[in-house]
Structures are given as structure tokens and as C-alpha cells.
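Here's a quick briefing to read alongside the structure. Have the viewer open and follow the points as you go.

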Amino acid sequence: MNNKSNYLRAAVSSIAVAGATILPGLAAASGADLYEENCSACHLENGAGDVDLMSPSIAGLDQEYILRQYSNVTTGIRVFTEDEAMAQGMVEIMAELSADDMNEISAYVAAMPIVAIEQEVGPIGFPDRGLYNNCSSCHGAKGQGASGLGAPRLAAQHSWYLKDQLMKFRDGTRGSHPDDTHGIQMRDMAVAIASDEDVDTIVNYIANFEPPSKDSNANAH
Ligand code: HEC
Ligand code: HEC
């Protein structure tokens with residue numbers, strides 16, 4: 001009996017200790033916890049995304065870019081069809097999150113190391129670099145992105161996703177909304193690509209880039 005009450009007292013005091021450390025954490029959930037709860041099922045624990053889940057790599061993207069996509073997704077600037085079930089799932093989840101939550105999550109995602117993606121890459125032909133020259137002023141010679149211009153990293157992004165987005169910009173699904181200042185810039189560039197074949201060539205060129213270092217996206221060249 002004495003043993004039992006000692007046990008109870010010990011249990012109660014350890015709950016009190018746990019409460020003291022856990023409760024402040026609940027009041028302001030950490031970016032890591034919020035990510036785990038709301039994002040990792042689709043973008044994976046390391047943020048690398050997965051073709052089977054139709055999700056892009058988001059690890060190490062610029063915080064500002066992530067927050068802009070959150071804003072675009074929740075205000076309907078970046079739209080998805082009924083068929084895009086995974087993206088629709090994200091719209092629902094993001095609509096439930098507060099701006100504070102997204103600040104925490106985006107800081108956590110932006111700090112993730114960029115993950116090397118396994119994907120099929122073809123050889124690069126002589127003229128292919130010329131096509132990418134139209135992109136490098138904003139996205140950087142190595143696809144590292146340029147935070148000052150709002151141009152995201154393209155290197156170490158799934159090539160099926162890059163192609164998808166380029167086709168969306170070309171047909172106006174993305175980059176048509178009058179408030180989508182960044183998307184409109186990008187749409188002009190995508191429309192200027194001469195053919196869908198050239199889109200494939202450019203995407204293959206980008207797929208050959210090495211994952212860039214985290215601090216290389218400050219200035220594009
Ligand atoms: C149900 C699956 C799902 C969940 C959950 C989800 N996403 Fe996504 N996310 C997607 C898909 C699919 C896309 C690609 C949409 C497209 O094809 O344009 C995407 C795209 C994005 C993009 C745009 C990437 C880019 O390069 O433009 C960001 C940023 C993003 N997600 C962040 C998040 C964050 C942060 C969370 C958690 C709050 C989250 N997602 C939760 C499926 C999901
Ligand atoms: C004038 C600057 C500029 C140029 C040049 C440019 N882009 Fe972009 N690009 C952007 C910006 C800004 C965004 C982000 C749009 C947004 O915030 O939704 C973007 C987004 C993208 C995306 C979507 C990435 C993602 O993660 O969802 C792809 C793919 C892309 N660009 C490819 C290209 C390619 C290929 C070229 C060359 C043919 C090119 N861009 C030229 C500025 C540019």
C-alpha cells in the first residue's frame with residue numbers, strides 16, 4: 001500500500017514536470033510539430049516530395065516563396081481542378097492553419113537541407129543550354145533560384161513537377177490572376193517557349209543540375 005502511494009506520488013509529480021515543459025509547447029506549437037501534423041504525409045518527413053503522391057520537393061525553398069504559395073493557394077490565385085485531389089487536400093489543410101502557424105512551418109521548411117532527387121535524366125544536346133539561357137537571369141545558371149526576384153529553386157525539383165508547372169503557366173492555369181504579380185512574369189516566359197518539345201528539353205536540362213547549396217540563391221547569374 002505504501003509502495004502504491006509512492007508510485008502514485010511519483011507518477012503525479014512526473015506528470016506535473018511533463019506538464020510544465022509540454023504546455024508552453026502546446027501554446028505555440030513548433031514548426032517541426034506543425035509540419036509533421038499537416039504537411040509530411042504528402043511532402044514526406046524530409047520535404048522531398050514524391051511522384052506517387054504528386055507532391056513536389058519543398059525542402060529548403062525560400063520562406064518568402066513558401067508563404068506566397070500559401071497565400072496564393074488560400075486566396076484562389078493558384079487554382080486546382082477537381083481532379084487534382086492531392087492539391088485539393090492541401091488547400092483544405094492550409095485553410096485551417098493560421099498565419100502564425102504558417103510562419104512557423106515555412107521557417108522550418110526553408111531551413112531543411114535540399115534533398116537530391118532520384119530522377120531519370122537524359123543527355124544534354126549542344127543547343128539545350130541556349131534554351132535555358134532564357135531562364136537563368138531569374139532562376140540562376142544552376143537553377144539555384146534568386147530570392148530577391150521571387151524566383152524559386154528549380155534544381156533538385158522533380159522533373160515531372162517542373163513540366164506540369166510549365167504547362168500550367170503555358171495554358172494559363174497558373175499566372176493568369178491579375179494579383180499574381182510573380183506568376184504573371186513567369187507566365188510570359190513560359191508562353192515564349194517555342195514548343196512543348198522545347199519544354200521537355202529545358203526540363204531535362206534542369207534535371208541535370210546538382211542540388212545547389214543553401215546560400216547560393218541570393219544572387220542569380
Ligand atoms: C494532401 C497532400 C498535401 C498536403 C497535406 C500538403 N501538400 Fe503541399 N502540395 C501538394 C501538391 C499535390 C502540390 C503540387 C500542386 C501543383 O501541382 O501545382 C503541393 C505544392 C506545395 C507547394 C508549392 C511548391 C512549389 O514549388 O511551388 C508548397 C510551398 C507546399 N505544397 C507546401 C505545403 C505545406 C507547408 C504543407 C503543410 C501545411 C503542405 N504543402 C501540405 C500536396 C500536399
Ligand atoms: C523574369 C524572371 C523569370 C524568368 C526569366 C523565368 N522565370 Fe520561372 N519563375 C519566376 C518567378 C518569379 C516564379 C515564381 C512564381 C510564383 O511565385 O508563383 C517562377 C516559377 C517558375 C516555375 C515553378 C516552380 C515551382 O516550384 O512551382 C518553373 C517550373 C519555372 N519558373 C521555370 C522557368 C523556366 C524553365 C524559365 C525559362 C524558360 C523561367 N522559369 C524563366 C521568374 C522567372
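What follows covers the overall fold, the two ligand surroundings, two helix pairs, and a closer look at one helix and one tyrosine.

Keep in mind that this is a predicted model. The chain has 10 helices and zero strands, and 30% of its 221 residues count as buried. Two ligands come with it: 22 residues surround ligand 1, and ligand 2 also has 22 residues around it.

**Overall fold**

- Going along the sequence, you get α-α-α-α-α-α-α-α-α-α.
- Take the contacts in the chain with a separation of 6 or more: 70% of them come from residues 24 or more positions apart.

**Around ligand 1**

- Which residues are closest to ligand 1? They are Cys39, Cys42, Met86, Gly89 and Met90.
- Four helices each put at least two residues into this shell: H3 (40–43), H4 (63–75), H5 (85–96) and H6 (99–110).
- H5 gives the largest share, with six residues.
- Sorted by class, the shell around ligand 1 holds 16 nonpolar residues, five polar and one charged.

**Around ligand 2**

- Cys135, Cys138, His182, Met186 and Met189 come nearest to ligand 2.
- Here the elements giving two or more residues to the shell are H7 (128–139), H8 (159–171) and H9 (181–191).
- The class split for the ligand 2 shell is 12 nonpolar, nine polar and one charged.

**Helix pair H4 and H5**

- How do H4 and H5 cross? Their axes come within 9 Å and make an angle of roughly 100°, so the two helices are roughly perpendicular to each other.
- On the H4 side the contact uses Tyr70, Val73 and Thr74, and these meet Met90, Val91, Met94 and Ala95 in H5.
- That contact has six nonpolar residues, one polar and no charged ones.
- Met90 turns up twice here: this H5 residue takes part in the contact with H4 and is also among the closest to ligand 1.

**Helix pair H8 and H9**

- The axes of H8 and H9 come within 8 Å and cross at roughly 95°, so this pair is roughly perpendicular.
- Leu166, Phe169 and Arg170 of H8 make the contact with Met186, Arg187, Ala190 and Val191 of H9.
- By class, the contact of H8 with H9 has five nonpolar, no polar and two charged residues.
- Met186 also has a double role: it sits in the contact with H8 and is one of the residues that come nearest to ligand 2.

**A closer look at H6**

- The length of H6 works out: at 1.5 Å a residue, its 12 residues should span 16 Å, and its end C-alpha atoms are 16 Å apart, which agrees.
- The buried residues of H6 are Met102, Ile105, Ser106, Tyr108, Val109 and Ala110.
- What covers them? The cover includes H2 (31–38) and H4.

**Tyr35 in H2**

- Tyr35 is found in H2.
- Is Tyr35 buried or exposed? With 21 other C-beta atoms within 10 Å, Tyr35 is buried, because the cut-off for buried is 20 or more.
- Leaving out residues up to four places away in sequence, Tyr35 touches Ser40, Ile105, Tyr108 and Val109; among the buried residues of H6 are Ile105, Tyr108 and Val109.
- Tyr35 and Asp101 are 66 residues apart in sequence, and their C-alpha atoms are 9.4 Å apart in space.

Terms used: Residues are numbered from 1 along each chain as its sequence is written. Chains are lettered from A and ligands numbered from 1 in the order in which they are written. This is a predicted model: local features need pLDDT of at least 70, side-chain atom pairs count only at pLDDT 80 or more; totals for chains, interfaces and linings use all residues. A residue is near a molecule or strand if its C-beta atom, placed from the backbone, lies within 6 Å of it. Ala, Val, Leu, Ile, Met, Phe, Trp, Tyr, Cys and Pro count as nonpolar, Asp, Glu, Lys and Arg as charged, and the others, Gly among them, as polar. A residue is buried if 20 or more other C-beta atoms lie within 10 Å of its own, exposed if 12 or fewer, and partly exposed in between; C-beta atoms are placed from the backbone. Two residues are in contact if their C-beta atoms, placed from the backbone, lie within 7 Å. Axes are lines fitted to C-alpha atoms, for helices over the stretch in contact, and angles run from 0 to 180 degrees between N-to-C directions. Angles under 35 degrees count as roughly parallel, over 145 as roughly antiparallel, 65 to 115 as roughly perpendicular and the rest as oblique. The expected span of a helix is 1.5 Å times one less than its number of residues.
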